[in-house]
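Grab a coffee and open the viewer. Here are some exercises to work through, each with a solution to check yourself against.

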Amino acid sequence: MGRRSVLAGAAGVALAAGVTGVAGCSVPEPPGPTHSADPAPGRPVSTGERALLMQFAAHPDDDLYFMNPDTQRMLDAGVPLVSVYVTAGEHNGKNTIKGMPERKPDKPAYSAARHQGLRQAYAVLLGADKFTPWQKRVATLAGGRRAEVDTLVHEGRRVELVFLNLPMHHPRHYMAVPALWESRELRLTTVLAADSPVPRADTYDHAGLIEVIAGLLATYRPTVVHTLDPDPDIQEGSAAQSARASEQPGYSDHGDHTAVACFTWAGLLRRVADATAAGGPVPAFTTNSFRGYYNKHWPKNLPPAVLAEKAAHLVPYGGDPEWDCGNPSGCGDYGVSGDRPLTNWKGWVRSTHYRWPAPGPAVTEESGGRLVAYGVLGLRAVRWREREEGTGVFEAPEDLGGGPLAPALSSVTLADGRVLLFGVRFAALAGRGGPNRRELVLLEQRSPGGPFLAWRGLGNPEHTDDRGRRIGAPVAVAAPDGRVHLFVRDAGKGVATRVRAVGGAWGPWRTLPGDGSHDEIQDGLTTLLGDSGRVHLLAPGRDHVRHWVDGSPAEPLPISGDPVAAVPGPGPVGVEVFYRAPADGELRSTRGDAPRFEGYGLLAAAEGPRGPVLMGRDARHRIQLLSGGRLLTRDRGTVPAGPAATLHGATTVVGMGADARPWVWRPVR
């Protein structure tokens, strides 16, 4: 009951000039101005914003299921939160569980009960009593539309909940928001929750929802934006299997999640276009998109302590019909109350997965030792240079263009010192029947430490736009012979590769051969050179970690719940691989003697003078480093935003903070 039923048919989603489909998100170009790819560099970039997290969910509870514990850790660090819920979550109006008397469906009451559940959950997340009163107000949005905004401030920390309350269903479209993404003419009338101060219903069309999202972004000026997954995996199976799993047919997520994610990305693109239209600076924000029902299909990645805390925050959301919360419509979403999130066979709560799992900024070093960090800010690539060697203080970001980009850059440094940057571009995101397209892109440095050539498209290993949207985060490595090997997860859940010759010419896309196991892989690839200079690629799968050497399959390795880390090593494997088993925080090694290094999420490793140096997150999301037998924890400075950070060499960690600025941590000298 908590994660409601499936939408019939694939839905489309898009924004900006020229984009395509939902799970389909898709549509022809909307009337009026459009906002397409803007790869040219040289725009000013905003700086100096205070940290603020803004997240966009389709339903009440999407954030608690799929974005936590990241949201919680930012709140713990004092980062204010604004959480926007696009639908009313009213479904069929039934908020009952086994043992309760049958009640007449009441959609306004069910929406109000879910809102109450969110207030209870976020009060607890802030350390307050679950029944702490919130301040309610009516906000005026773009186009004169209105929304309920609930605010709670507790011990200096702040949460705002914004309820747009679009309907989940429509008389002509069972899945209303996916239909809105695809439709040129559809208008949706909002649902007034039973306890809402909003005086009357409003209507939304495709352009209106994008306008409202862009307006909220302009009003709150977030430095971190969390979205759902705009491009879920293709999922084979019957319509009955999809319905039982609450997934849209053919894809591993709920159609509302996909459509709202597409609308959110369209709003982000509109926000950047509006801000820069008259020469203004690019807004300084980072993005992270989170997988949804994908979690059901892959090894679980949260260790017991982290899972218990995440699941505990769904308890006040689910509430209890016996509670006296002061809301006559109900005290939560009873279908997910108690231990139901943990006992649900779909297992959504047991993982938190990023759509594009890149470790952190791409980091290089200029002659003289100054660090250079590359990342995505305001959907565009930027470069930060360290002011002076060893200070850890960066100059203002330099815009390198390329946008709109997904939040994952990979870098390679050539033998002559020049840098290559690889990313995924939203080449089109239109909705209403227009194109929805992704492409791999390259930015090549003209000279070491100098400017860059123009952005270059590297195409897509898939031959249709729909399949092309499923590609993952690129990784690359420069081989000793001067060639560059680029790898990316493809729509078939395998690996595609393209190779750059010494002279700069790129070969065609090809698929790496399987190992005979038919084991599909998750995103989060790891590539490195082994002791003998051979190219290794590692990818976590359902049953084991797949391993390729120079493009040929090698012996599979033990199963991991997350992407792995590795260093060159002797023996037949050629590398030493570090990983964590599913639902386990303990570090393991293919050598069998891993040091104690508990945590969760992405790992990084480098060769150090006294053995491998390891970096990752502890159970509280803090960056930790294991070097020479010493465990060091970063417990000061800006809270990290995103999957983790980047280990540069064996002594330096660089990450992105919640304030949209890079930070440097050098605990080992």
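The exercises below go through strands, pockets, a cavity, a core and some backbone details of this predicted model.

**Exercise 1. Work out how S31 is paired on each side, and whether it is enclosed or open.**

Step 1: Start with the strand before it. S30 (residues 600-608) pairs with S31 in the antiparallel sense, over 6 bridges. To see one of these pairings, find Glu607, whose bridge partner in S31 is Pro612.

Step 2: Look at the link. S30 runs into S31 through a hairpin of 2 residues.

Step 3: Now go to the other partner. S31 and S32 (residues 623-627) are antiparallel too, joined by 4 bridges. Here Gly616 has Gln624 of S32 as its bridge partner.

Step 4: Check that second link. The hairpin of S31 and S32 has 5 residues between the strands, and His621 in this hairpin takes a positive phi near 75°.

Step 5: Count burial, where the cut-off for buried is under 20% relative accessible area. In S31 (residues 611-617), 5 of the 7 residues are buried, so the strand is largely enclosed by the rest of the structure.

**Exercise 2. Describe the largest pocket: its volume, its lining and the strand that gives the most to that lining.**

Step 1: Get the volume, which is about 1,200 Å³.

Step 2: Find the middle. The lining has 44 residues, and those closest to the pocket's centre are Ser411, Ala476, Thr527, Leu528 and Leu647.

Step 3: Trace the lining back to strands. At least two residues each come from a set of strands that includes S11 (362-365), S15 (410-413), S19 (475-478) and S23 (526-529). Also in that set are S27 (565-568), S30 and S34 (646-648).

Step 4: Pick out the top contributor. That's S30, with 6 residues in the lining.

Step 5: Sort by class. You should end up with 33 nonpolar, 10 polar and 1 charged residues.

**Exercise 3. Do the same for the second largest pocket, and sort its lining by class.**

Step 1: The volume here is about 290 Å³.

Step 2: Of the 14 lining residues, Arg73, Ala77, Arg620, Arg622 and Val639 lie nearest the centre.

Step 3: The classes come out as 4 nonpolar, 3 polar and 7 charged.

**Exercise 4. Find how many cavities there are, then characterise the largest one.**

Step 1: Searching the whole structure turns up 5 cavities of 30 Å³ or more.

Step 2: The largest of these cavities has a volume of about 260 Å³. It is lined by 20 residues, and Gly360, Pro361, Val376, Pro407 and Met656 are the closest to its centre.

Step 3: For the strands, note S10 (286-290) and S12 (371-377), each of which supplies at least two lining residues.

Step 4: By class, the lining of the largest cavity has 14 nonpolar, 6 polar and no charged residues.

**Exercise 5. Locate the largest nonpolar core and follow one of its well-connected residues.**

Step 1: This core has 106 residues, and the ones with the most contacts inside it are Met54, Tyr122, Leu164, Leu209 and Phe422.

Step 2: Ask which element gives the largest share of the core. It's helix H7 (residues 255-276), with 10 residues.

Step 3: Click on Met54 and ignore neighbours within four places in sequence. Its contacts are Val82, Val84, Leu216, Leu217, Tyr220, Pro222, Val224, Val225 and His226.

**Exercise 6. Place two cis peptide bonds in the fold.**

Step 1: Asn68 and Pro69 are joined by a cis bond with omega of about 10°. Pro69 sits in the loop between H1 (62-67) and H2 (70-76).

Step 2: From Gly403 to Pro404 the bond is also cis, with omega near 0°. Pro404 is in the loop between S14 (398-401) and S15.

**Exercise 7. Ser246 and Asp550 both have a positive phi. Decide whether each is buried, partly exposed or exposed.**

Step 1: Ser246, with phi near 60°, is in the loop between H6 (239-244) and H7. Its relative accessible area is 4%, so Ser246 counts as buried.

Step 2: Asp550 has phi near 50° and lies in the loop between S25 (545-549) and S26 (552-553). With a relative accessible area of 43%, Asp550 is partly exposed.

How values were computed:
Residues numbered from 1 in each chain as written. Predicted model: local features only at pLDDT ≥ 70, side-chain atom pairs only at ≥ 80, totals over all residues. Heavy atoms only, no water. Buried < 20%, exposed > 50% of the residue type's maximum accessible area, 1.4 Å probe, protein only. Pairing = 2+ DSSP bridges. 1 Å grid on protein atoms, 1.4 Å probe; cavity = no way out; pocket = protein on both sides within 12 Å on 5 of 7 lines; lining within 4 Å. Points joined across faces, edges and corners; volume = space filled by probe spheres on them. Nonpolar A, V, L, I, M, F, W, Y, C, P; charged D, E, K, R; others polar. Core = buried A, V, L, I, M, F, W, Y, C linked by side-chain atoms within 4.5 Å. Contact = heavy atoms within 4.5 Å.
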